[in-house]
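Welcome to this short tour. Keep your viewer open and your selection tool ready, and we will go from stop to stop.

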Amino acid sequence: MRNFIGIAISTAITLVSAPVLAADAGLGAYSTASHGWYIEVRGGGAVPVNHSFTSTATGAGEYKPNTGFNIGVDIGKYLTDNWRAELGLYWNRGSNGSATLGGGAPIAHTGSVDVYSFMGNLLYSFDTNSSMRPYIGAGIGLSHFDFNGLGAVGGGFTITGSDTVFSAALLTGVDFKIGERTAITSRYSLSWADGGRYSTTTPGLTVRTSGEIEHIFGIGLRVDLN
């Protein structure tokens, strides 16, 4: 939770200060008239919403990792003054946390889950005739889940397997122009990944997930390449 609060405060400070920086630099309205390529790098936090699972050993339950982090890189192209498309590579990590079985008390867990995603996004930016451009969009792709010894503290088995599943996201954010070819960008993603099947340290025992939902927050820098 402290990580999430820190991310939120940092994002708010950046969003408030960016228009002032743009004004001081004498920059005009945000423009994408070149319809060129760009690269964007972001980092931030991931807040779990739902991680449901089932196994023959534990039955149905829900795992809730601690607030994690994410790093992303997008390569995109302005299609028109308002539309743009991008391909992105993202790394999210959640660790430790707790699992709840059959409505019982939370059971402390240790270990981590790495998620590597490849997404194609389509975004629409709103022209405000200023250095600020809010946007909305959506993305689809694939996510590879890699479990690193995740299991109950002192428990009988841990999850060690990996699987690749279909994923999708709804996106929104705000861009602030701070230079002729640079912008500070913020993004919120409501991310969903399909369920997968994962091996454990117990021979023959597998864990199935029924899908994961995450709130993902990020802030970063975009550089226009031409």
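Start by selecting S52: with a relative accessibility of 19%, this residue counts as buried, because the cut-off for buried is under 20%. Bear in mind as you look around that this is a predicted model. S52 sits in strand β1, which covers residues 37–55. Now show what surrounds S52: leaving aside residues up to four places away in sequence, S52 touches G61 and E62, and also R208, T209, S210 and G211.

Next, select strand β11, residues 206–224, together with β9. These two strands pair in the antiparallel sense, over twelve bridges. To see one pairing up close, pick R187, whose bridge partner in β11 is G218.

Stay with β9 (residues 182–193) and add β8 (residues 162–177) to the selection. β8 and β9 run antiparallel as well, joined by eleven bridges. A good residue to click here is T172, whose bridge partner in β9 is Y188. Then follow the chain from β8 to β9: a hairpin of four residues makes the connection.

Two loop stops remain. Go to N96, in the loop between β4 (83–95) and β5 (98–101). Its phi is near 55 degrees, a positive value in a residue other than glycine. Most residues other than glycine have a negative phi. N96 is partly exposed, at 31% relative accessible area.

Finally, move to the loop between β6 (107–125) and β7 (132–152), where you will find N129. Is N129 buried or exposed? N129 is exposed, with a relative accessible area of 65%. Check the backbone too: N129 has a positive phi of about 55 degrees, although it is not a glycine.

Note on methods. Residues are numbered from 1 along each chain as its sequence is written. This is a predicted model: local features need pLDDT of at least 70, side-chain atom pairs count only at pLDDT 80 or more; totals for chains, interfaces and linings use all residues. Side-chain values use heavy atoms; hydrogens and water are left out. Two strands pair if DSSP finds at least two bridges between them. Buried means under 20% relative accessible area, exposed over 50%, partly exposed in between (1.4 Å probe, protein chains only). Contact means heavy atoms within 4.5 Å.
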